[in-house]
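Biologist: Before I use the terms applied to this structure, I should like to hear the reasoning behind them. Would you take me through it step by step?

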Amino acid sequence: MFSSPLSFSEKHLLEHFETKIATAVPERDILRARLERYLPELLSGLEVYKPSQTQLEQLLDVFITHHSTRKASLRALDLERLLAPDWFERPETIAYVAYTERFAGTFQGVLEKVPYLESLKIKYLHLMPFLQPRPAPHDGGYAVQNYREVRADLGTMADLEHLTAVLHEKGISLCCDLVLNHVAMEHEWAQKARDGNCKYQNYFHFYPNRTMPDQLEQHLPEVFPDFAPGNFTWDETSKNWVWTTFNTWQWDLNWGNFDVFLEFADTILWLANKGIDIFRLDAIAFIWKKLGTNCQNLPEVHQITQALRSVARIVAPAILFKAEAIVPPNDLIHYLGCKEHFGKVSDTAYHNSLMVQLWSSLASRDTRLMTHALRRFPAKPSNTAWNTYLRCHDDIGWAISDDDAREIGMDGYAHRKFLSDYYSGRFSGTHAKGLVFQENLKTHDRRISGSAASLAGLELALENNDARQVELSVQRLLMTHAIVMSFGGIPLLYMGDEIALLNDHSFLENPEMAMDNRWVHRPAMPWQTVAKLEDAKTLQQKAQQQMQTGIKALIEARVRTPHLHAAIESHVLESPNQHVFTFQRLHPEGRLLGVFNFSETAQVLPAWWVGFEHAINQITGKPVHLEQGLLWLEPYQYLWLVATN
Ligand code: GLC
């Protein structure tokens with residue numbers, strides 16, 4: 001069927017398939033066609049393991065099992081999405097990210113909130129970790145004890161399956177966190193390893209003494225230097241050092257072991273058959289380890305992702321992968337695919353650099369660094385999409401490269417220090433109220449926690465009862481959301497940002513959370529506040545209402561703007577005004593010019609540079625006047641300009 005000649009392994013596997021599948025299996029020919037299509041990608045990814053024929057046959061058995069049990073409705077979705085492979089790249093795709101319990105209590109509660117999601121035109125819901133974690137503390141669910149159970153307080157697996165089915169009827173996809181790098185030390189595999197079972201000890205990185213850990217440590221950064229320093233933990237039961245990049249109770253998996261790959265292939269397909277559409281590949285950058293490196297972003301990571309994606313394409317092509325790789329700009333693009341992996345790894349990835357640059361330019365009121373850094377980004381494969389976002393559940397780490405800073409005459413270290421000071425409230429005149437997360441005394445790195453609204457000045461402005469500053473904070477937030485909604489890719493709206501929720505310090509009362517101040521920006525949804533917004537009275541309510549109206553207007557505009565299809569690249573332009581960020585998107589229907597004023601003073605751009613004779617702002621639908629040769633911008637004004645027909 002496919003033109004390239006089959007390799008020995010490919011032929012052998014197809015023969016094995018024919019023998020295995022002699023019995024009735026639904027849509028047998030379709031499975032065979034997909035197998036044949038993706039075998040080369042699968043096998044080249046699997047080269048990291050040099051798997052035996054027996055191991056490959058085991059994988060094939062996993063395919064057949066999950067293919068045979070995939071529901072008719074999910075098969076229909078497979079077909080639908082194969083026929084419209086850009087389904088997630090379209091401007092209609094807008095994502096909402098929420099903790100189930102903080103958003104709606106339970107899975108059943110989420111069902112009741114579907115009308116709210118629909119009012120925001122959400123097409124993709126990311127419910128934060130809901131697979132069964134270890135007993136608290138569990139890093140917000142990122143220490144999974146059982147990948148085949150859900151948190152009992154949220155409901156049952158049957159409830160989850162029901163939720164996915166209802167969401168599908170409404171055209172909403174569900175994203176689930178899949179922690180790849182580690183499991184909870186209470187996971188069955190870890191327990192068996194601790195009890196001395198060799199097979200399972202091989203699932204982890206065990207060292208009987210400090211020799212290897214000490215050598216490895218020389219090149220390893222610390223992710224949580226504050227509450228979990230070091231990368232190895234002594235396990236008293238097995239008398240071994242165990243690799244624990246994150247917390248001591250999160251045991252890193254040995255992805256060099258084919259059995260680990262097989263377990264995850266099986267798990268992904270099993271969850272896909274429960275109706276999960278998108279897998280957020282948590283901490284994917286860390287899965288491959290090599291002495292003498294920082295054990296992040298190694299080439300094998302991309303090979304393994306390619307193999308996992310082929311697995312998904314063969315059995316459940318409706319599903320997507322979203323890479324969670326919060327890594328420096330030069331490493332990031334590889335998660336969407338470069339060179340031999342171009343378009344063959346994750347379908348989407350967090351655009352961490354854009355997020356960092358937004359906060360950086362908000363603080364400095366200067367867009368030159370952002371412009372320079374983003375202009376250097378290589379183009380991504382057109383079958384992939386960035387996940388653009390302003391805030392998420394994690395802290396903000398200042399991923400600003402020294403090279404980028406130097407090239408525009410700045411000092412990277414000094415700028416990162418400024419940003420930490422600015423957002424933690426130490427910089428004189430700052431509007432931000434954030435908290436320092438994980439101060440690293442060796443590198444002086446200080447990451448920041450805080451809700452978007454508190455970081456953008458709303459909290460301070462409300463405290464001071466300063467109506468003008470409140471208005472500017474809301475404008476600041478809406479302007480950055482306007483970039484997130486239009487830069488290209490899937491915008492992720494973090495729960496509560498649509499109503500400008502402030503920092504919530506109640507986490508300090510919970511001993512299991514108190515040490516991790518990321519909980520400050522993970523508040524519960526105040527539904528009573530939402531209900532009252534139509535009749536806003538206080539300064540805060542008015543700000544929240546303005547925010548909600550502004551976000552809805554952006555969403556409405558996005559949906560009707562074909563230029564925002566993710567297959568099209570945004571070209572960041574060298575703006576003639578350093579306070580104004582600009583990019584253009586060249587779509588067959590015409591050019592869209594995004595214009596964003598990052599300062600609280602009015603700014604201008606020369607009309608000749610803007611380049612439209614007659615333009616409208618696609619967000620408001622109103623014409624934009626280019627008077628006396630100038631485009632005037634109000635403080636924090638944002639425009640999506642397109643030519644008037
Ligand atoms: C990811 C999650 C973060 C978690 C870490 C360890 O980065 O986003 O919240 O702490 O993985 O699992």
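Modeller: Certainly. The model is predicted. A suitable starting point is Pro137, which lies in the loop between strand 3 (131-133) and strand 4 (144-150).

Biologist: What is the peptide bond from Ala136 to Pro137, cis or trans?

Modeller: The peptide bond from Ala136 to Pro137 is cis, with omega near 5°. Most peptide bonds are trans.

Biologist: Which value of phi does Glu27 have, and where is Glu27 placed?

Modeller: Phi of Glu27 is near 50°, a positive value in a residue other than glycine. Most residues other than glycine have a negative phi. Glu27 is placed in the loop between helix 1 (8-20) and helix 2 (28-46). Ala500 also deserves mention: phi of Ala500 is near 50°, again positive in a residue other than glycine. Ala500 belongs to the loop between strand 17 (490-494) and helix 22 (527-532).

Biologist: Why does Glu27 count as partly exposed?

Modeller: Buried requires under 20% relative accessible area and exposed requires over 50%. Glu27 has 38% relative accessibility, so Glu27 counts as partly exposed.

Biologist: And Ala500, is that residue buried or exposed?

Modeller: The relative accessibility of Ala500 is 2%, which is under the 20% limit, and therefore Ala500 counts as buried.

Biologist: How many disulfides are there?

Modeller: The count comes to zero disulfides. The term refers to a covalent bond between the sulfur atoms of two cysteines. For a pair to qualify here, the cysteine sulfur atoms must lie within 2.5 Å.

Biologist: Why is Cys176 without such a bond?

Modeller: The closest cysteine sulfur to that of Cys176 is in Cys175, at 7.1 Å, and this is too far for a bond because the limit is 2.5 Å. Cys176 is also buried, because its relative accessibility is 1%. Cys338, at 19% relative accessibility, likewise counts as buried, because buried means under 20%.

Biologist: What makes the pairing of strand 11 and strand 12 count as such?

Modeller: Two strands pair if there are at least two bridges between them. Strand 11 (residues 278-282) and strand 12 (residues 320-323) have four bridges, in the parallel sense, so they pair. Phe279 stands opposite Phe321 in strand 12. Both strands belong to a closed barrel of eight strands, which runs 1-2-5-11-12-13-14-17 with parallel pairing. Neighbouring strands of this sheet are turned by 25° against each other on average, direction ignored.

Biologist: How many bridges join strand 19 to strand 20, and in which sense do these strands run?

Modeller: Eight bridges join strand 19 to strand 20 (residues 590-597), and the two run antiparallel. Since at least two bridges are required, they count as paired. A hairpin joins strand 19 to strand 20 through two residues, and His587 stands opposite Gly590 in strand 20. Strand 18 (residues 570-572) is joined to strand 19 by three bridges, also antiparallel; there, His571 has Gln584 of strand 19 as its bridge partner. As for cover, seven of the eight residues of strand 19 (residues 580-587) are buried.

Biologist: Which residues are around the ligand?

Modeller: They are Asp139, Tyr142, His182, Phe224, Phe246, Gln250, Arg280, Asp282, Glu324, His393, Asp394 and Arg518.

Biologist: What makes the approach of His182 to the ligand a polar contact?

Modeller: The criterion is a pair of N or O atoms within 3.5 Å. An N or O atom in the side chain of His182 is 3.0 Å from an oxygen atom of the ligand, so the criterion is met. A polar side-chain atom of Arg280 lies 2.9 Å from an oxygen atom of the ligand, and for His393 the distance is 2.9 Å. The protein covers 94% of the 310 Å² of accessible area that the ligand has on its own.

Biologist: Where is Asn231 found, and what does its side chain reach?

Modeller: Asn231 is found in the loop between helix 11 (211-217) and strand 8 (232-235). Its side chain reaches the backbone oxygen of Pro221 at 3.2 Å. Asn231 is called buried because its relative accessible area is 2%, under the 20% limit.

Biologist: Finally, why does Thr601 count as partly exposed?

Modeller: Thr601 has 44% relative accessibility, between the limits of 20% and 50%, and therefore counts as partly exposed. Thr601 is found in the loop between strand 20 and strand 21 (603-606), and a polar contact of 3.0 Å joins the side chains of Thr601 and Gln603.

Note on methods
Residues numbered from 1 in each chain as written. Predicted model: local features only at pLDDT ≥ 70, side-chain atom pairs only at ≥ 80, totals over all residues. Heavy atoms only, no water. Buried < 20%, exposed > 50% of the residue type's maximum accessible area, 1.4 Å probe, protein only. Axes fitted to C-alpha atoms, helices over the stretch in contact; angles between N-to-C directions. Near = heavy atom within 4 Å. Polar contact = N/O pair within 3.5 Å; in protein donor to acceptor, adjacent residues only side chain to side chain. Areas by Shrake-Rupley, 256 points an atom, 1.4 Å probe, with all protein chains shown as cover.
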